[in-house]
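Please walk me through this protein model, starting from what it binds. I would also like to know about any unusual backbone angles.

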Amino acid sequence: MKNTLTTNDWFTSLKKDGPFLIAGPCSAETPEQVLAIAHQIKDVASIFRAGIWKPRTRPGGFEGVGAIGLDWLKKVKEETLLPVGIEIATAEHVDLALQNEIDVLWIGARTSVNPFAVQEIANALKGTDKIVMLKNPVNPDMALWMGGLERLLAADIKKVALIHRGFSTYEKTKYRNVPEWQIPLDVKQHFPNIPMINDPSHITGNRDMIYDTAQMALNLNFDGLMIETHITPDTAWSDAAQQVTPQMLIEIFSQLKIRDLSNFEESFQISIHNHRNAIDELDSKILKLLNKRMQIVEGIGELKKQKNVAVFQSSRWQEVLDKMKKEALDLELGEQFIIALYKAIHQESILRQGKIINKK
Ligand code: PEP
Ligand code: MN
(Lines give C-alpha, C1' and ligand atoms only; values in the text may rest on other atoms or scores of the structure.)
(Ligands and ions follow the chains in the order given, each with its own letter.)
Protein backbone atom coordinates (compact mmCIF):
# COMPACT_ATOMS: atom_id res chain seq x y z
CA MET A 1 0.00 0.00 0.00
CA LYS A 2 1.50 3.31 -1.09
CA ASN A 3 0.69 6.07 1.31
CA THR A 4 0.07 9.63 0.31
CA LEU A 5 -2.47 10.42 3.01
CA THR A 6 -0.76 12.49 5.63
CA THR A 7 0.15 16.09 5.18
CA ASN A 8 3.23 17.07 7.08
CA ASP A 9 2.39 20.65 7.87
CA TRP A 10 2.66 19.82 11.56
CA PHE A 11 6.20 18.61 11.01
CA THR A 12 7.32 21.64 9.03
CA SER A 13 5.71 24.04 11.47
CA LEU A 14 7.55 22.55 14.47
CA LYS A 15 10.94 22.51 12.76
CA LYS A 16 13.58 24.90 14.06
CA ASP A 17 16.59 26.13 12.15
CA GLY A 18 18.62 22.91 11.90
CA PRO A 19 17.75 19.22 12.13
CA PHE A 20 14.30 18.39 13.53
CA LEU A 21 15.05 17.30 17.07
CA ILE A 22 13.10 15.48 19.76
CA ALA A 23 15.08 15.55 23.02
CA GLY A 24 14.70 14.98 26.72
CA PRO A 25 15.50 12.30 29.27
CA CYS A 26 14.94 8.59 28.85
CA SER A 27 12.79 8.79 32.00
CA ALA A 28 11.15 11.61 33.87
CA GLU A 29 12.64 11.37 37.38
CA THR A 30 11.61 14.49 39.30
CA PRO A 31 9.78 17.72 38.43
CA GLU A 32 13.04 19.65 38.82
CA GLN A 33 14.90 17.31 36.48
CA VAL A 34 12.44 17.58 33.57
CA LEU A 35 12.12 21.37 33.94
CA ALA A 36 15.88 21.95 34.10
CA ILE A 37 16.50 19.84 30.97
CA ALA A 38 13.62 21.41 29.05
CA HIS A 39 14.78 24.94 29.75
CA GLN A 40 18.28 24.17 28.55
CA ILE A 41 17.27 22.51 25.28
CA LYS A 42 14.25 24.60 24.31
CA ASP A 43 16.08 26.54 21.59
CA VAL A 44 17.19 23.46 19.67
CA ALA A 45 14.47 20.89 20.37
CA SER A 46 11.15 20.83 18.52
CA ILE A 47 9.58 18.35 20.95
CA PHE A 48 10.41 17.49 24.58
CA ARG A 49 10.41 13.77 25.37
CA ALA A 50 10.35 11.93 28.70
CA GLY A 51 9.26 8.36 29.48
CA ILE A 52 6.91 8.02 32.44
CA TRP A 53 6.00 4.35 31.93
CA LYS A 54 9.15 2.37 31.16
CA PRO A 55 8.85 -1.13 29.71
CA ARG A 56 11.67 -3.10 31.30
CA THR A 57 12.98 -6.36 29.93
CA ARG A 58 13.11 -7.85 33.43
CA PRO A 59 11.08 -6.88 36.50
CA GLY A 60 12.71 -5.09 39.37
CA GLY A 61 14.21 -2.16 37.48
CA PHE A 62 12.88 1.40 37.50
CA GLU A 63 9.52 1.23 35.73
CA GLY A 64 8.90 4.95 35.45
CA VAL A 65 7.32 7.49 37.77
CA GLY A 66 3.87 6.82 36.29
CA ALA A 67 0.94 9.19 35.91
CA ILE A 68 2.33 11.72 38.37
CA GLY A 69 4.83 12.69 35.64
CA LEU A 70 1.97 14.02 33.51
CA ASP A 71 1.70 17.06 35.80
CA TRP A 72 5.41 17.71 35.50
CA LEU A 73 5.15 17.67 31.71
CA LYS A 74 2.27 20.14 31.84
CA LYS A 75 4.60 22.47 33.67
CA VAL A 76 7.32 21.92 31.05
CA LYS A 77 4.84 22.87 28.37
CA GLU A 78 3.69 26.00 30.20
CA GLU A 79 7.18 27.23 30.94
CA THR A 80 8.98 26.39 27.69
CA LEU A 81 6.11 26.22 25.16
CA LEU A 82 7.61 22.99 23.85
CA PRO A 83 5.19 20.25 22.78
CA VAL A 84 5.67 17.28 25.11
CA GLY A 85 5.80 13.57 24.27
CA ILE A 86 5.67 10.29 26.19
CA GLU A 87 5.72 6.59 25.40
CA ILE A 88 2.34 4.87 25.63
CA ALA A 89 1.77 1.12 25.60
CA THR A 90 -1.90 0.57 26.47
CA ALA A 91 -5.30 2.18 25.89
CA GLU A 92 -5.21 3.31 29.52
CA HIS A 93 -1.96 5.19 28.92
CA VAL A 94 -3.55 6.80 25.86
CA ASP A 95 -6.58 7.98 27.88
CA LEU A 96 -4.36 9.49 30.58
CA ALA A 97 -2.17 11.19 27.96
CA LEU A 98 -5.20 12.67 26.20
CA GLN A 99 -6.72 13.90 29.47
CA ASN A 100 -3.44 15.61 30.33
CA GLU A 101 -2.77 17.45 27.09
CA ILE A 102 0.21 15.42 26.00
CA ASP A 103 1.01 16.47 22.41
CA VAL A 104 3.05 13.54 21.14
CA LEU A 105 2.50 9.85 21.91
CA TRP A 106 5.02 7.27 20.75
CA ILE A 107 4.70 3.52 20.66
CA GLY A 108 7.91 1.85 21.88
CA ALA A 109 9.84 -0.97 20.24
CA ARG A 110 8.60 -3.60 22.71
CA THR A 111 4.99 -2.65 21.97
CA SER A 112 5.22 -2.30 18.20
CA VAL A 113 6.03 -6.04 17.96
CA ASN A 114 2.47 -6.82 19.08
CA PRO A 115 -0.33 -6.18 16.57
CA PHE A 116 -3.00 -6.55 19.30
CA ALA A 117 -1.34 -3.82 21.37
CA VAL A 118 -0.86 -1.52 18.38
CA GLN A 119 -4.48 -2.03 17.34
CA GLU A 120 -5.71 -1.30 20.86
CA ILE A 121 -3.72 1.95 20.85
CA ALA A 122 -4.89 2.86 17.34
CA ASN A 123 -8.52 2.34 18.43
CA ALA A 124 -8.02 4.49 21.52
CA LEU A 125 -6.53 7.25 19.35
CA LYS A 126 -9.03 7.04 16.50
CA GLY A 127 -9.23 10.30 14.56
CA THR A 128 -6.95 12.15 16.96
CA ASP A 129 -5.08 15.28 15.95
CA LYS A 130 -2.23 14.44 18.33
CA ILE A 131 1.13 13.48 16.88
CA VAL A 132 1.64 9.70 17.02
CA MET A 133 5.02 8.07 16.44
CA LEU A 134 5.77 4.40 15.93
CA LYS A 135 9.17 2.98 16.79
CA ASN A 136 10.42 0.01 14.81
CA PRO A 137 9.76 -3.37 16.47
CA VAL A 138 12.79 -4.83 18.30
CA ASN A 139 13.17 -7.50 15.61
CA PRO A 140 14.13 -6.54 12.04
CA ASP A 141 10.69 -7.25 10.55
CA MET A 142 9.84 -4.57 8.06
CA ALA A 143 6.32 -5.87 7.41
CA LEU A 144 5.50 -5.77 11.14
CA TRP A 145 6.64 -2.14 11.36
CA MET A 146 4.66 -1.17 8.26
CA GLY A 147 1.67 -3.13 9.56
CA GLY A 148 1.70 -1.05 12.73
CA LEU A 149 1.80 2.13 10.67
CA GLU A 150 -1.10 0.92 8.53
CA ARG A 151 -3.13 0.32 11.71
CA LEU A 152 -2.52 3.94 12.78
CA LEU A 153 -3.38 5.33 9.33
CA ALA A 154 -6.52 3.19 9.14
CA ALA A 155 -7.60 4.74 12.47
CA ASP A 156 -7.55 8.11 10.69
CA ILE A 157 -4.59 9.45 12.64
CA LYS A 158 -3.11 12.14 10.43
CA LYS A 159 -0.01 13.35 12.21
CA VAL A 160 2.13 10.26 12.12
CA ALA A 161 5.89 9.67 12.14
CA LEU A 162 8.19 6.64 12.33
CA ILE A 163 11.18 6.26 14.62
CA HIS A 164 14.12 4.07 13.67
CA ARG A 165 15.78 2.86 16.90
CA GLY A 166 17.68 -0.17 15.60
CA PHE A 167 17.15 -3.92 16.07
CA SER A 168 18.29 -6.37 18.76
CA THR A 169 20.73 -9.14 17.94
CA TYR A 170 21.88 -12.18 19.85
CA GLU A 171 25.55 -11.50 19.12
CA LYS A 172 27.33 -8.58 20.79
CA THR A 173 28.09 -5.75 18.36
CA LYS A 174 29.39 -2.23 18.82
CA TYR A 175 25.76 -1.10 18.74
CA ARG A 176 23.18 -1.69 21.44
CA ASN A 177 20.69 -2.21 18.59
CA VAL A 178 22.07 -2.64 15.07
CA PRO A 179 20.81 0.03 12.68
CA GLU A 180 20.18 -2.13 9.54
CA TRP A 181 19.83 1.14 7.60
CA GLN A 182 18.27 -0.59 4.61
CA ILE A 183 15.09 -1.32 6.59
CA PRO A 184 14.04 2.28 7.36
CA LEU A 185 15.08 3.28 3.83
CA ASP A 186 12.86 0.55 2.36
CA VAL A 187 9.96 1.60 4.59
CA LYS A 188 10.47 5.19 3.42
CA GLN A 189 10.15 3.98 -0.19
CA HIS A 190 6.70 2.63 0.66
CA PHE A 191 5.66 5.66 2.73
CA PRO A 192 7.54 8.64 1.30
CA ASN A 193 5.30 11.17 3.06
CA ILE A 194 5.71 9.88 6.58
CA PRO A 195 8.59 11.55 8.47
CA MET A 196 11.33 9.09 9.45
CA ILE A 197 13.12 10.01 12.68
CA ASN A 198 16.38 8.39 13.74
CA ASP A 199 17.04 7.55 17.40
CA PRO A 200 20.84 7.29 17.72
CA SER A 201 20.56 6.95 21.51
CA HIS A 202 18.92 3.52 21.48
CA ILE A 203 20.89 2.41 18.39
CA THR A 204 24.29 3.10 19.92
CA GLY A 205 23.66 2.77 23.65
CA ASN A 206 26.74 4.97 23.99
CA ARG A 207 26.90 8.76 24.05
CA ASP A 208 30.27 8.83 22.25
CA MET A 209 28.71 7.31 19.15
CA ILE A 210 25.63 9.55 18.95
CA TYR A 211 27.09 12.23 16.72
CA ASP A 212 28.35 9.85 14.00
CA THR A 213 25.12 7.88 13.90
CA ALA A 214 23.00 11.04 13.80
CA GLN A 215 25.11 12.40 10.94
CA MET A 216 24.78 9.08 9.10
CA ALA A 217 21.00 9.42 9.40
CA LEU A 218 21.14 12.94 7.96
CA ASN A 219 23.40 11.70 5.15
CA LEU A 220 20.59 9.29 4.32
CA ASN A 221 18.01 12.11 4.38
CA PHE A 222 16.22 11.10 7.56
CA ASP A 223 13.73 13.79 8.57
CA GLY A 224 14.76 14.21 12.18
CA LEU A 225 16.42 12.85 15.32
CA MET A 226 15.38 11.72 18.80
CA ILE A 227 18.26 12.12 21.27
CA GLU A 228 18.03 11.27 24.97
CA THR A 229 19.27 14.19 27.05
CA HIS A 230 19.78 14.34 30.80
CA ILE A 231 21.08 16.96 33.17
CA THR A 232 23.44 14.44 34.86
CA PRO A 233 23.48 11.46 32.48
CA ASP A 234 25.76 9.28 34.59
CA THR A 235 23.28 9.22 37.45
CA ALA A 236 20.21 8.73 35.21
CA TRP A 237 17.69 6.17 36.47
CA SER A 238 17.61 4.48 33.05
CA ASP A 239 19.87 4.36 29.97
CA ALA A 240 22.69 6.26 31.70
CA ALA A 241 25.45 5.39 29.20
CA GLN A 242 23.66 6.79 26.18
CA GLN A 243 22.26 10.09 27.43
CA VAL A 244 24.00 13.36 26.60
CA THR A 245 23.98 16.60 28.58
CA PRO A 246 22.06 19.61 27.24
CA GLN A 247 25.42 21.23 26.40
CA MET A 248 26.47 18.17 24.39
CA LEU A 249 23.11 18.20 22.62
CA ILE A 250 23.52 21.84 21.61
CA GLU A 251 27.06 21.13 20.38
CA ILE A 252 25.87 18.10 18.36
CA PHE A 253 22.97 20.13 16.94
CA SER A 254 25.29 22.90 15.78
CA GLN A 255 27.75 20.52 14.13
CA LEU A 256 25.35 18.22 12.29
CA LYS A 257 25.07 18.89 8.57
CA ILE A 258 21.77 18.57 6.75
CA ARG A 259 22.27 17.23 3.23
CA ASP A 260 20.36 18.53 0.21
CA LEU A 261 18.09 16.08 -1.59
CA SER A 262 20.02 16.78 -4.78
CA ASN A 263 22.00 19.43 -6.60
CA PHE A 264 21.05 20.78 -9.99
CA GLU A 265 24.32 22.40 -11.07
CA GLU A 266 25.35 21.10 -14.46
CA SER A 267 28.84 19.99 -13.41
CA PHE A 268 27.41 17.91 -10.53
CA GLN A 269 24.75 16.39 -12.77
CA ILE A 270 27.25 15.47 -15.50
CA SER A 271 29.74 14.03 -13.08
CA ILE A 272 27.21 11.93 -11.15
CA HIS A 273 25.71 10.73 -14.42
CA ASN A 274 29.13 9.49 -15.58
CA HIS A 275 29.79 7.72 -12.31
CA ARG A 276 26.37 6.07 -12.43
CA ASN A 277 26.94 4.88 -15.99
CA ALA A 278 30.18 3.27 -14.84
CA ILE A 279 28.31 1.57 -11.97
CA ASP A 280 25.57 0.33 -14.31
CA GLU A 281 28.17 -1.25 -16.58
CA LEU A 282 29.89 -2.92 -13.65
CA ASP A 283 26.56 -4.19 -12.29
CA SER A 284 25.84 -5.85 -15.63
CA LYS A 285 29.29 -7.45 -15.57
CA ILE A 286 28.70 -8.69 -12.00
CA LEU A 287 25.45 -10.37 -13.12
CA LYS A 288 27.15 -11.99 -16.11
CA LEU A 289 29.91 -13.29 -13.85
CA LEU A 290 27.35 -14.66 -11.40
CA ASN A 291 25.61 -16.39 -14.28
CA LYS A 292 28.92 -17.99 -15.34
CA ARG A 293 29.61 -19.05 -11.77
CA MET A 294 26.16 -20.68 -11.52
CA GLN A 295 26.75 -22.61 -14.76
CA ILE A 296 29.91 -24.10 -13.25
CA VAL A 297 28.01 -24.81 -10.04
CA GLU A 298 25.42 -26.72 -12.09
CA GLY A 299 28.21 -28.67 -13.80
CA ILE A 300 29.44 -29.74 -10.39
CA GLY A 301 25.82 -30.63 -9.53
CA GLU A 302 25.75 -33.05 -12.49
CA LEU A 303 29.01 -34.65 -11.30
CA LYS A 304 27.65 -35.05 -7.77
CA LYS A 305 24.47 -36.62 -9.17
CA GLN A 306 26.43 -39.16 -11.23
CA LYS A 307 28.50 -40.23 -8.20
CA ASN A 308 25.69 -39.79 -5.63
CA VAL A 309 27.71 -37.24 -3.64
CA ALA A 310 25.99 -34.87 -1.18
CA VAL A 311 25.35 -31.31 -2.35
CA PHE A 312 26.66 -29.60 0.81
CA GLN A 313 30.37 -29.98 1.38
CA SER A 314 31.20 -28.32 4.64
CA SER A 315 35.00 -28.15 4.26
CA ARG A 316 34.76 -26.75 0.72
CA TRP A 317 32.31 -24.06 1.87
CA GLN A 318 34.64 -23.11 4.72
CA GLU A 319 37.56 -22.95 2.28
CA VAL A 320 35.66 -20.61 -0.10
CA LEU A 321 34.55 -18.37 2.73
CA ASP A 322 38.01 -18.10 4.30
CA LYS A 323 39.63 -17.38 0.93
CA MET A 324 37.12 -14.67 0.08
CA LYS A 325 37.41 -13.07 3.53
CA LYS A 326 41.16 -12.87 3.10
CA GLU A 327 40.99 -11.44 -0.42
CA ALA A 328 38.30 -9.00 0.67
CA LEU A 329 40.57 -7.71 3.41
CA ASP A 330 43.28 -6.88 0.85
CA LEU A 331 40.66 -5.14 -1.31
CA GLU A 332 39.28 -3.19 1.66
CA LEU A 333 35.83 -4.77 1.38
CA GLY A 334 34.04 -5.12 4.73
CA GLU A 335 34.13 -8.63 6.22
CA GLN A 336 30.46 -8.69 7.23
CA PHE A 337 29.47 -7.59 3.74
CA ILE A 338 31.52 -10.33 2.06
CA ILE A 339 30.22 -12.99 4.44
CA ALA A 340 26.62 -11.95 3.72
CA LEU A 341 27.31 -11.85 -0.02
CA TYR A 342 28.93 -15.30 -0.09
CA LYS A 343 26.23 -16.81 2.10
CA ALA A 344 23.69 -15.64 -0.49
CA ILE A 345 25.76 -16.99 -3.39
CA HIS A 346 26.35 -20.29 -1.61
CA GLN A 347 22.67 -20.69 -0.79
CA GLU A 348 21.70 -20.16 -4.42
CA SER A 349 24.40 -22.63 -5.48
CA ILE A 350 23.22 -25.43 -3.20
CA LEU A 351 19.58 -24.82 -4.17
CA ARG A 352 20.50 -25.22 -7.83
CA GLN A 353 22.53 -28.36 -7.19
CA GLY A 354 19.68 -29.71 -5.05
CA LYS A 355 17.32 -29.37 -8.02
CA ILE A 356 19.77 -31.16 -10.32
CA ILE A 357 20.43 -34.00 -7.94
CA ASN A 358 16.67 -34.53 -7.42
CA LYS A 359 15.99 -34.71 -11.16
CA LYS A 360 14.67 -38.12 -12.21
C1 PEP B 1 12.78 5.01 25.01
O2 PEP B 1 12.61 5.77 24.03
O3 PEP B 1 13.16 5.39 26.13
C4 PEP B 1 12.61 3.56 24.81
C5 PEP B 1 12.24 2.74 25.79
O6 PEP B 1 12.93 3.21 23.58
P7 PEP B 1 12.69 1.85 22.74
O8 PEP B 1 11.23 1.62 22.73
O9 PEP B 1 13.25 2.26 21.42
O10 PEP B 1 13.51 0.78 23.42
MN1 MN C 1 15.73 5.07 26.87
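The paragraphs below take the ligand first, then the metal ion, then two backbone details. The model is a predicted one.

Ligand 1 sits among twelve residues, and these begin in sequence with Cys-26, Arg-49 and Lys-54. Further along come Glu-87, Trp-106, Gly-108, Ala-109, Arg-110 and Lys-135, and the list ends with Arg-165, His-202 and Glu-228. Sorted by class, this shell holds seven charged, three nonpolar and two polar residues. Oxygen atoms of the ligand are met by polar atoms of the protein in several places. The side chain of Arg-49 places a polar atom 2.8 Å from an oxygen atom of ligand 1, and a side-chain N or O atom of Lys-54 is also 2.8 Å from an oxygen atom of the ligand. Ala-109 takes part through its backbone, with an N or O atom 2.9 Å from a ligand oxygen. On its own, ligand 1 has 300 Å² of accessible area, of which the protein covers 97%.

Ligand 2 is a manganese ion. Its donors are SG of Cys-26, NE2 of His-202, an OE atom of Glu-228 and an OD atom of Asp-239, at 2.1 to 2.4 Å. Cys-26, His-202 and Glu-228 also belong to the surroundings of ligand 1. Along the chain, the metal donors follow the spacing C-x175-H-x25-E-x10-D. Glu-228 belongs to strand β8, which spans residues 224–228, while Asp-239 comes eleven residues away in the loop between β8 and α10.

How accessible is Asp-239? Its relative accessibility is 19%, and because the limit for a buried residue is under 20%, Asp-239 counts as buried. Glu-228 is buried as well. Beyond its neighbours within four places in sequence, Asp-239 is in contact with Arg-176 and with Cys-26, His-202 and Glu-228. With Arg-176 there is a polar contact between the two side chains, at 3.2 Å.

The backbone details concern two glutamates. Most residues other than glycine have a negative phi. Glu-180 has a positive phi, near 45°, and Glu-332 has a positive phi of about 55°. Both lie in loops: Glu-180 in the one between β6 and α7, Glu-332 in the one between α12 and α13. Glu-180 counts as partly exposed because its relative accessibility is 40%. Glu-332, with a relative accessible area of 73%, is exposed.

Note on methods: Residues numbered from 1 in each chain as written. Chains lettered and ligands numbered in written order. Predicted model: local features only at pLDDT ≥ 70, side-chain atom pairs only at ≥ 80, totals over all residues. Heavy atoms only, no water. Near = heavy atom within 4 Å. Polar contact = N/O pair within 3.5 Å; in protein donor to acceptor, adjacent residues only side chain to side chain. Areas by Shrake-Rupley, 256 points an atom, 1.4 Å probe, with all protein chains shown as cover. Nonpolar A, V, L, I, M, F, W, Y, C, P; charged D, E, K, R; others polar. Donors = N, O, S within 2.8 Å, 3.2 Å for Na, K, Ca; no water. Helix = DSSP H or I, 4+ residues; strand = E, 2+ residues; numbered from the N terminus. Buried < 20%, exposed > 50% of the residue type's maximum accessible area, 1.4 Å probe, protein only. Contact = heavy atoms within 4.5 Å.
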